[in-house]
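Subject: Structure for your files

Hello,

Here is the structure you were expecting. My notes on it follow below.

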Amino acid sequence: MFTCLLKVLHIHDQAGVACILAKYQRMNNIESKVLSSNKIDKYGILKFYKDYVDLVDRANFVEYCLSEAKSADIIHIHSVEQLVIKIRKAFGNSKKIILHYHGTDIRGLKNKNIPNSSTIQNTKTRTKSFAAKVKNRLKLIQMGYYNSLRTESQKLANEILVSTPDLLLLLPHAIYLPNPVDVDHFSKNDTIPNKVNNNNALTIQTSSGDIQKTLHYCKENNIDLKIEVLDRTKTPILYEEIPNFLKKYSVYVDIRIVNDKILENFSKTALESLACGLKVLNYKLEYINRLPEIHNPLNVTNELLKIYNKV
């Protein structure tokens, strides 16, 4: 057991999970912060949690992580597998390292056969540096090195976490840690905009899901909802504004089809919708009315502390 103030270093953030963990860990008297090199911050998550985040230039990111890791008790790495190897090499067994997967980072995606025009245009505007990194990664995969890197990273981590239960099929020895929801930000307490009607529903198109199959699935199962689709890749909404946006709707449709399979877990947006007072239509076509307690951030951080204490 840790008897003094625990110092946790989160490296990288996925959809705000690391930021929320850091916020509520501090409430539990744990010294915690997030290191991120993502200066784009498309949805304004890092800006919203700026008090818990150190933003670092990409060129200096690894060196900064190694420097900050010197004084950390727990190094909690989100998705960036290669950093497990670098930190273990630098500090040996003196550091406790957690590797945390969040979805497509371990699940992967099937290649699209025909890219649409927006995808082609986006690809054309990417930097040469990014294109070079993608090319190098493809070479590593073809050579079998990337799988070796993944295997080595997992072996060197003291514990592996996954954010959704379905990922346990890919990593049966991992531990499922439910995604936390920032219930200070996503709550029923704010002024709720007028809803058009009780059948007013929302679903979100992401880069990983097949929205047309989702809509077809709802139609063939006679779901009587007027479903509005938000394409977050084209129309991003700032994290700060999401609660009031969600409250325009009565139902969030959480049916996600990825790699031709229906995901059997709550999406993070579905959890946020529940915290805001919406109903959620899940993959079983059941309506859920309240946020499960396992996703309360204090419950999640308490479970995480138990994991830290065991490694």
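Starting near the beginning of the chain, Ala15 lies in the loop that joins strand S1 (7-11) to helix H1. Please keep in mind throughout that this is a predicted model. Ala15 is not a glycine, yet its phi is positive, at about 55 degrees. With a relative accessible area of 44%, Ala15 is partly exposed.

A second residue of this kind is Asn259, also not a glycine, with a positive phi of about 55 degrees. Asn259 is found in the loop between strand S11 (257-258) and strand S12 (261-262). Its relative accessible area is 23%, so Asn259 counts as partly exposed, the cut-off for buried being under 20%.

The sheet

How are the strands of the open sheet ordered? There are 7 of them, in the order S3-S2-S1-S4-S5-S6-S7, and the pairing is parallel. The edges are taken by strand S3 (53-55) and S7; each has a single partner strand, so one side of each has no neighbour in the sheet. Within the sheet, strand S5 (residues 96-101) pairs with S6 in the parallel sense, over 4 bridges. In that pairing, Ile98 stands opposite Glu159 in S6.

Two helices lie on this sheet. Helix H3 (residues 61-69) packs on it and touches S1, S2, S3 and S4, and the direction of H3 makes about 170 degrees with that of S2. H1 lies across S1, strand S2 (31-36), S3 and strand S4 (74-78), and runs at about 160 degrees to S2.

H1 and H12

H1 also packs with helix H12 (residues 297-310), at an angle of about 85 degrees and with the axes 9 Å apart. The two helices are therefore roughly perpendicular to each other. From H1, the residues involved are Ile20, Leu21, Tyr24 and Gln25; they meet Pro297, Leu298, Val300, Thr301, Leu304 and Tyr308 in H12. Sorted by class, the contact has 8 nonpolar residues, 2 polar ones and no charged ones.

The cores

Which residues of the largest nonpolar core touch the most other members? They are Tyr49, Phe186, Leu202, Tyr239, Leu246 and Tyr252, out of 31 residues in that core. At least two core residues come from each of helix H1 (17-27), helix H2 (45-48), strand S8 (200-205), helix H10 (242-246) and helix H11 (268-275). H1 supplies the largest share, with 5 residues. As background, nonpolar side chains in soluble globular proteins tend to be buried together.

Phe186 may be worth displaying with its surroundings. Neighbours within four places in sequence aside, Phe186 is in contact with Val181, Tyr239, Ile242, Pro243, Leu246, Glu272, Ala275 and Cys276. There is also a second, separate core, of 25 residues, which includes Cys65, Val84, Tyr101 and Leu171.

Val84 appears again in helix H4 (residues 82-91), where Leu83, Val84, Ile85, Ile87, Arg88 and Phe91 are buried. Gly92, just after H4, takes a positive phi of about 60 degrees.

Loops

Is Asp166 buried or exposed? Asp166 has a relative accessible area of 18%, and is buried because the cut-off is under 20%. Asp166 sits in the loop between strand S6 (159-162) and strand S7 (175-176). Not counting residues up to four places away in sequence, Asp166 touches Arg107, Leu263 and Asn265.

The loop between strand S9 (226-231) and H10 holds Lys234. Lys234 counts as exposed, at 60% relative accessibility. Computed along the sequence, Lys234 and Gln205 are 29 residues apart, while their C-alpha atoms are 9.5 Å apart in space.

Pro236 is also placed in the loop between S9 and H10. At 37% relative accessibility, Pro236 counts as partly exposed. Which residues does Pro236 touch, not counting those up to four places away in sequence? The answer is Lys42 and Tyr43. Pro236 and Tyr43 are 193 residues apart in sequence but 6.4 Å apart in space, C-alpha to C-alpha.

Regards

Definitions and conventions
Residues numbered from 1 in each chain as written. Predicted model: local features only at pLDDT ≥ 70, side-chain atom pairs only at ≥ 80, totals over all residues. Heavy atoms only, no water. Core = buried A, V, L, I, M, F, W, Y, C linked by side-chain atoms within 4.5 Å. Buried < 20%, exposed > 50% of the residue type's maximum accessible area, 1.4 Å probe, protein only. Contact = heavy atoms within 4.5 Å. Pairing = 2+ DSSP bridges. Axes fitted to C-alpha atoms, helices over the stretch in contact; angles between N-to-C directions. Parallel < 35°, antiparallel > 145°, perpendicular 65-115°, else oblique. Nonpolar A, V, L, I, M, F, W, Y, C, P; charged D, E, K, R; others polar.
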